[in-house]
Amino acid sequence: MSAQLIPGYWLRSGSGLDSRAKLVKFMHRTYRELYPDGELGHLAQTVEQYFSNQTPVWWVECQKNSQEEAEILPVLPEQYLNPQSQAQNLQSVVGCLWLGNAIDQTTGERYAHIFLLYVAPEHRRLGLGAALVIHAENWARERGDRQIGLQVFLSNQPAVNLYQKLGYQSHSLSMLKSL
């Protein structure tokens, strides 16, 4: 089932092996942008460890009108057609949202945690990121969570700006030291 996220983009719930493979690809894209020379082989293990029926994932699809448009991950139209779509047009997966669970160490309460939010560069600054965050917040609210969290790299200033604009505030500071 898919629902329109913003005009021209739909959100489809994912599951199973198909989603595991796509999550690894989208994590690679995310970290490759931030760390172009980094070794990313461990990301498949991360997905294997954390992806479950308790950690939902949604895919952002856009209508493709021509083969010349840049494709991220093609999907077959007969598999995931949106009711508004034409059968001859392919759809592309251009973003994702993966949620998980965290425990507030001060209260012991479970809350939703955004594991991954990714929008392909050519689809950014259209409101997709904000729409995905709002979708995550609504999902968390519906299941009874009283807060939602995420981790963002300080070097990813566009993401930091988005989250601050949406009302997110720093709650803690993660610190590392190379040994």
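# A guided tour of the predicted model

Begin with the whole chain in view, coloured by secondary structure: the chain has 5 helices and 7 strands, and what you see is a predicted model. Followed along the sequence, these elements come in the pattern β-β-α-α-β-β-α-β-β-α-β-α. Of the 179 residues in the chain, 40% are buried. Among the contacts in the chain with a separation of 6 or more, 64% are between residues 24 or more positions apart.

**Stop one: helix α1**

Select residues 16-34, which form helix α1. Its end C-alpha atoms are 27 Å apart, and this agrees with the 27 Å that its 19 residues should span at 1.5 Å a residue. Now highlight S19, K22, L23, V24, F26, M27 and T30, which are the buried residues of α1.

Take S19 from this helix and show its surroundings. S19 counts as buried because its relative accessibility is 0%, and, with residues up to four places away in sequence not counted, S19 touches G14, F51, V57 and W59.

Move next to L23, which, with residues up to four places away in sequence again not counted, touches V47, F51, V57, W59, W98 and L116. L23 also belongs to the largest nonpolar core, a group of 40 residues in which L23, V60, L97, W98, I114, L116 and L132 touch the most other members. Selecting these seven residues together is a good way to find that core on the screen. As a general background to this view, nonpolar side chains in soluble globular proteins tend to be buried together.

Further along α1, select T30. Is T30 buried or exposed? With a relative accessible area of 14%, which is under the 20% limit for a buried residue, T30 is buried. The side chain of T30 reaches the backbone oxygen of F26 at 2.9 Å, and, when neighbours within four places in sequence are left aside, T30 is in contact with L116 and Y118. Add A120 to the selection and draw a distance between C-alpha atoms: T30 and A120 are 90 residues apart along the chain, yet their C-alpha atoms are separated by 8.9 Å.

**Stop two: the loop after α2**

Turn to the loop between α2 (43-50) and β3 (57-63), and pick out Q54, which is found there. Q54 counts as partly exposed, since its relative accessibility is 47%, a value that lies between the 20% and 50% limits. The side chain of Q54 makes a polar contact with the side chain of N53, at 3.5 Å. Select G100 as well, and you will find that its C-alpha atom and that of Q54 are separated by 6.9 Å, although the two residues are 46 residues apart along the chain.

**Stop three: two cysteines**

Show C62 and C96 as sticks. C62 counts as buried, because its relative accessibility is 6%, and C96 is buried too, with a relative accessible area of 0%. How many disulfides does a search of the whole structure find? The search finds 0 disulfides.

**Stop four: helix α5**

For the last stop, select residues 157-165, which make up helix α5, and highlight A159, V160 and Y163, which are buried. These three cover an arc of only 100° around the axis, which means that they sit on the same side of α5. Rotate the view to the other side of α5, where P158 and K165 are exposed. Which elements are included in what covers the buried residues of α5? Among them are β6 (110-119), α4 (128-142) and β7 (148-150), so select these three to see part of that cover. Finally, step just past α5 to G167, which takes a positive phi of about 100°.

How values were computed. Residues numbered from 1 in each chain as written. Predicted model: local features only at pLDDT ≥ 70, side-chain atom pairs only at ≥ 80, totals over all residues. Heavy atoms only, no water. Helix = DSSP H or I, 4+ residues; strand = E, 2+ residues; numbered from the N terminus. Buried < 20%, exposed > 50% of the residue type's maximum accessible area, 1.4 Å probe, protein only. Contact = heavy atoms within 4.5 Å. Polar contact = N/O pair within 3.5 Å; in protein donor to acceptor, adjacent residues only side chain to side chain. Expected span 1.5 Å × (residues − 1). Core = buried A, V, L, I, M, F, W, Y, C linked by side-chain atoms within 4.5 Å. Arc of directions from axis to C-beta. Disulfide = S-S within 2.5 Å.
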